[in-house]
Amino acid sequence: MDKVAVIYWSGTGNTEMIAKYIAEGVNAAGGQADVFSVSDFAQDKLAEYGRFALGCPAMGAEELEDSEFQPFYDAVKPSLAGKKVALFGSYGWGGGEWMNPWKADAEAAGLVLVAEPLAIENAPDDAGKTACTELGKTLIQA
């Protein structure tokens, strides 16, 4: 299935921008990407998509956002086992370390990561935009 759900939580708009660039990459590679804020994605829509990009910025002590994104991720994780997934997000400090435990958790839950998670410092610059679109292409081509 070439439909990709790009689902994100964003506090400052940086992770939202990354999500949109990833969707552009999916679409450029011949897939169909639908972009959702985590609060706008109903879990019963999971079956409509074959691949997923999940995005959350680093929060607090280098962790996932805990009021919306973490509960959503924990709830859908079992349904995503065996599915092709890309992880992404932005950070403003800490060097992107929050991705390491998230990646380990996703792999332990059986998610099939199509590439290394994409962590971008603040808003994506031109190189960041390219990395985002390339991740989208990889997600649809994997």
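Contact means that heavy atoms lie within 4.5 Å of each other. The legends below use the word in this sense and describe a predicted model.

**View 1. Packing of helices α1 and α4.** Two packed helices are described by the angle between their axes and the distance between the axes. Helix α1 spans residues 14-28 and helix α4 spans residues 126-141. These helices pack at an angle of about 50 degrees, and their axes are 7 Å apart. Angles under 35 degrees count as roughly parallel, over 145 as roughly antiparallel and 65 to 115 as roughly perpendicular, with the rest oblique; α1 and α4 are therefore oblique to each other. Their crossing is right-handed.

**View 2. Residues at the contact of α1 with α4.** From α1, the residues Ile18, Tyr21, Ile22, Glu24, Gly25, Val26 and Ala28 take part. They meet Lys129, Cys132, Thr133, Leu135, Gly136, Lys137 and Ile140 of α4. By class, the residues of this contact comprise eight nonpolar, three polar and three charged.

**View 3. Thr133 in helix α4.** Is Thr133 buried or exposed? A residue counts as buried when its relative accessible area is under 20%. The value for Thr133 is 18%, and Thr133 is therefore buried. Leaving aside residues up to four places away in sequence, Thr133 touches Tyr21, Glu24 and Gly25. These three residues are among those of α1 that meet α4.

**View 4. Packing of helices α2 and α3.** Helix α2 (residues 69-80) packs with helix α3 (residues 99-108) at an angle of about 20 degrees, and the axes are 11 Å apart. An angle under 35 degrees counts as roughly parallel, and α2 and α3 are therefore roughly parallel to each other. The crossing of α2 and α3 is right-handed. Phe69, Tyr73 and Lys77 of α2 form the contact with Trp102, Asp105 and Ala106 of α3. The contact of α2 with α3 contains four nonpolar residues, two charged residues and no polar ones.

**View 5. The buried side of helix α2.** Which residues of α2 are buried? They are Phe69, Phe72, Tyr73, Val76, Lys77 and Leu80. Because these residues cover an arc of only 140 degrees around the axis, they lie on the same side of α2. The elements against which the buried residues of α2 pack are β1 (3-8), β3 (51-55) and α3. Phe69, Tyr73 and Lys77, listed here as buried, also belong to the contact with α3.

**View 6. Gly82, just after α2.** Gly82 adopts a positive phi of about 85 degrees.

Notes: Residues numbered from 1 in each chain as written. Predicted model: local features only at pLDDT ≥ 70, side-chain atom pairs only at ≥ 80, totals over all residues. Heavy atoms only, no water. Axes fitted to C-alpha atoms, helices over the stretch in contact; angles between N-to-C directions. Helix = DSSP H or I, 4+ residues; strand = E, 2+ residues; numbered from the N terminus. Left-handed = near helix turned anticlockwise from the far one by under 90°. Nonpolar A, V, L, I, M, F, W, Y, C, P; charged D, E, K, R; others polar. Buried < 20%, exposed > 50% of the residue type's maximum accessible area, 1.4 Å probe, protein only. Arc of directions from axis to C-beta.
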